[in-house]
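I opened this model to look up a few side chains and their surroundings. My notes follow, entry by entry.

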Amino acid sequence: MSFDRRIPYSKNLGQNIPFFTKICQICEITVTKNTMQSVEIKIEKAIKSRPEGFLLFSEDFSEKGSSASIRKALQSLKEKGLIKAVAQGIFVRPKSNPYIGEVMPSAEEVAQAIAKRDKIRLVPTGSYALNALGLSTQIPLKLVFLTDGAARTIKVGKRTIKLKKTTPKNLIAKGEISALVIQTLREIGKDKVTPTELSQINKLLKKEDPKLLRHDIKLAPEWIRQILKRAIDE
């Protein structure tokens, strides 16, 4: 019987067990490392096929490998500067502007990307709704949306996106402007709307599709319904 001279041999096989165990461990580490590199290469190729500024979710790469290998690959690509972390599990290949450098996506863009990915509806509410309609110049640090998706909070830099689960009734308005007006008026409150705000709301509602506006009027509380009707009656 002959043996490979490169492998130390002992007549007592038990003395060689630690050596073979070490060899197996080295092989396992090598295979794992190669697998990680393969996952990273696949993810890097997928990222580079997307335009700059495109938001990426870690779940987008679920078919590329295990959760652990994907997480490590994204961390490695982040350290290499290919991508930037926007929020937990959300990344971007940032746009480059010759004057201001890297341009990161806004919290609003992140919210819309989440809505598109999860196929959920979002309706601005609270102070964010006021700002979206131009009734407030204050840029809110917290963006609050009503949604038919899961309730959650996402931190984006210094700003926060809060998704609040609501009933279908609050989301069936069809007009983009009228839906926003309804939520804004709810935020302001009955008998608290100023003449200036009413004038601005009326101008905005006149830009809404009359068919959609008539549909949404039926969904609003009576006091809001009267305000919405003015845009059609005048």
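**Entry 1: a polar pair.** I began with two side chains. Those of Asp 216 and Ser 178 are joined by a polar contact of 2.4 Å. I kept in mind that this is a predicted model.

**Entry 2: where Asp 216 sits.** I placed Asp 216 in helix H7, which spans residues 210-217. Next I looked for a charged partner. Asp 216 is buried, yet it has no salt bridge. Which side chain of opposite charge is nearest to Asp 216? I found Lys 174, at 7.3 Å. That is beyond the cut-off, because a salt bridge needs the Lys nitrogen within 4 Å of a carboxyl oxygen.

**Entry 3: what surrounds Asp 216.** I set aside its neighbours within four places in sequence. Asp 216 then contacts Ile 172, Ala 173, Lys 174 and Gly 175. Ser 178, Ala 179, Ile 182 and Leu 228 are also in contact with Asp 216. So Ser 178 turns up both as a contact and as the polar partner.

**Entry 4: a surface patch.** I moved to the outside. Tyr 99, Ile 100 and Val 103 form a nonpolar patch there. Together they have about 380 Å² of accessible area. Tyr 99 lies in the loop between strand E4 (95-97) and strand E5 (101-103). Is Tyr 99 buried or exposed? It is exposed, because its relative accessible area is 77% and the cut-off is over 50%.

**Entry 5: the whole protein.** I counted eight helices and nine strands. Of the 234 residues, 36% count as buried. The accessible surface is about 15200 Å², and carbon and sulfur atoms hold 54% of it. Among contacts between residues at least 6 apart in sequence, 56% join residues at least 24 apart.

Methods. Residues are numbered from 1 along each chain as its sequence is written. This is a predicted model: local features need pLDDT of at least 70, side-chain atom pairs count only at pLDDT 80 or more; totals for chains, interfaces and linings use all residues. Side-chain values use heavy atoms; hydrogens and water are left out. Helices (H or I, at least four residues) and strands (E, at least two) are DSSP runs, numbered from the N terminus. Buried means under 20% relative accessible area, exposed over 50%, partly exposed in between (1.4 Å probe, protein chains only). Lys and Arg count as positive and Asp and Glu as negative; His and the chain ends are not counted. A polar contact is a pair of N or O atoms within 3.5 Å; within protein, one must be able to donate a hydrogen and the other to accept it, and residues adjacent in sequence count only if both atoms are side-chain atoms. Contact means heavy atoms within 4.5 Å. Accessible areas come from the Shrake-Rupley method with a 1.4 Å probe; for residues, only the protein chains shown count as cover. Patches are made of residues with over 30% relative accessible area and no salt bridge: like charges are joined within 9 Å, nonpolar side chains (Val, Leu, Ile, Met, Phe, Trp, Tyr) within 5 Å.
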